[in-house]
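Me: I have a model open on my screen and would like a close look at one part of it, the pockets. Could you walk me through them, and set them in the context of the whole fold?

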Amino acid sequence: MKRQKYCWKKNIVGYSFIMPAIIGFVFFMAYPLLKSLYMSFMNWNMFKGESGSEWIGLKNYQSVLTNEYFQTGLGNNILLALMGVPILLLLSMIIATLLNEKMYGRGILRAMYFVPYITTVTAAALVFSAIFHPEFGPINSLLRMLGVNNVPGWATSVKTALPTIAIFWIWKNVGYCIVIFLSGLQGISRSYYEAASIDGATKIQQFFKITMPLVSPTTFFLAITTVIASFQIFPEVQVITQGGPGTATTTLVYHIYDMAFKQFNMGYASAVSWIFFALLIIITIIQWVGQKKWVNYM
């Protein structure tokens, strides 16, 4: 009995430590998720709440799938992922490989690459907008000095607005990917490179034949997380373009924000959120199945 009482007291102490996290999860994660699922089947009145709302079944989901703004946002998200993720991963891997070698000022360079990641998106986006300003920005000023007559409109042009968001997103997240790649690179034994050097392999050959295959588990992890992050782009769009010009940079998350907090159509926005969630699950499963063909676990 004494031992049971002692164990019970120990359990109470343990539960008391995890209770704040459980309470936070229930009230700030689980309940809002279930509430949004319920609202997705309702014509939800944001001002009257449940008493002023009506059950409409799957009509919100039907409206989402036929909505041109949803289709545009999904297309823009796919383009952002195709433009941003491969360049981000390859660029991060190359820089991480260089920073993994012994060089002067390596620690300072690592810190410089990581600074944009820890900078708030709003502050970084405002600076980025000033740098890429079509009239007074230093980038276009430099291009004019080099003799380029038709300088890009960047965020103000329909053709270049989405690539501009992709450039900013890559610059903002490259530091994080470099740090993760560095952790993977430091787990590779130097003996592989020494043996390759003895066999006459160049640095480029070593990169493609040793570094890339052995760091593939890290690449797989970053592929999943960066694809999800590319689909969740919102503050970049909100600060730089507000979804424009036109719908050139409208993403799914921005479409959800617009429908929920500008047009107050919470039921529709909730339906978009759950369709968005299902798409991310499907994409992640596809990546997980596909990794068996290219990821090498040592």
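Reply: Happy to! A term to begin with: the radius of gyration used here is taken over C-alpha atoms, and the rule for a compact globule is 2.2 Å times the number of residues to the power 0.38. For 298 residues, a compact globule would come out near 19 Å, but this protein has 24 Å. Please keep in mind that this is a predicted model. Taken along the principal axes, the C-alpha atoms fill a box of roughly 80 × 75 × 35 Å. The secondary structure comes to 13 helices and two strands.

Now to the largest pocket, which holds about 510 Å³ of space. Its lining is made up of 22 residues, and L33, I256, S273, W274 and F276 are the ones that lie nearest the centre. If you want to find the walls by element, look at α1 (2-39), α12 (252-261) and α13 (266-290), the elements that each give two or more residues to this lining. The largest share, ten residues, comes from α13. By class, the lining of this largest pocket divides into 16 nonpolar, five polar and one charged.

The second largest pocket makes a useful companion, with a volume of about 330 Å³. Here 16 residues form the lining, with T97, E101, K203, F207 and T211 lying nearest the centre. At least two lining residues are supplied by each of α3, α8 (190-198) and α9 (203-214). In this second pocket α9 provides the largest share, six residues. The classes in its lining are seven nonpolar, five polar and four charged residues.

Since α3 has come up as part of that second lining, let's follow this helix to one of its contacts. Helix α3 spans residues 68-99 and helix α7 spans residues 161-185; their axes come within 7 Å and cross at roughly 40°. Angles under 35 degrees count as roughly parallel and those from 65 to 115 as roughly perpendicular, so α3 and α7 are oblique to each other. The crossing of these two helices is right-handed. In the contact of α3 with α7 there are 24 nonpolar and five polar residues, and no charged ones.

For a tour on your screen, you could begin at W274 and F276, two of the residues nearest the centre of the largest pocket. From there, go to F207 and T211, which are among those nearest the centre of the second largest pocket, and finish where α3 and α7 cross.

Key. Residues are numbered from 1 along each chain as its sequence is written. This is a predicted model: local features need pLDDT of at least 70, side-chain atom pairs count only at pLDDT 80 or more; totals for chains, interfaces and linings use all residues. Side-chain values use heavy atoms; hydrogens and water are left out. Axes are lines fitted to C-alpha atoms, for helices over the stretch in contact, and angles run from 0 to 180 degrees between N-to-C directions. Helices (H or I, at least four residues) and strands (E, at least two) are DSSP runs, numbered from the N terminus. Angles under 35 degrees count as roughly parallel, over 145 as roughly antiparallel, 65 to 115 as roughly perpendicular and the rest as oblique. A crossing is left-handed if the near helix is turned anticlockwise from the far one by less than a right angle, and right-handed if clockwise. Ala, Val, Leu, Ile, Met, Phe, Trp, Tyr, Cys and Pro count as nonpolar, Asp, Glu, Lys and Arg as charged, and the others, Gly among them, as polar. On a 1 Å grid over the protein atoms alone, a cavity is a set of points where a 1.4 Å probe fits but cannot get out, and a pocket is an open set with protein on both sides within 12 Å along at least five of seven lines; lining residues have an atom within 4 Å of a point. Grid points are joined across faces, edges and corners, and a volume is the space filled by probe spheres set on the points.
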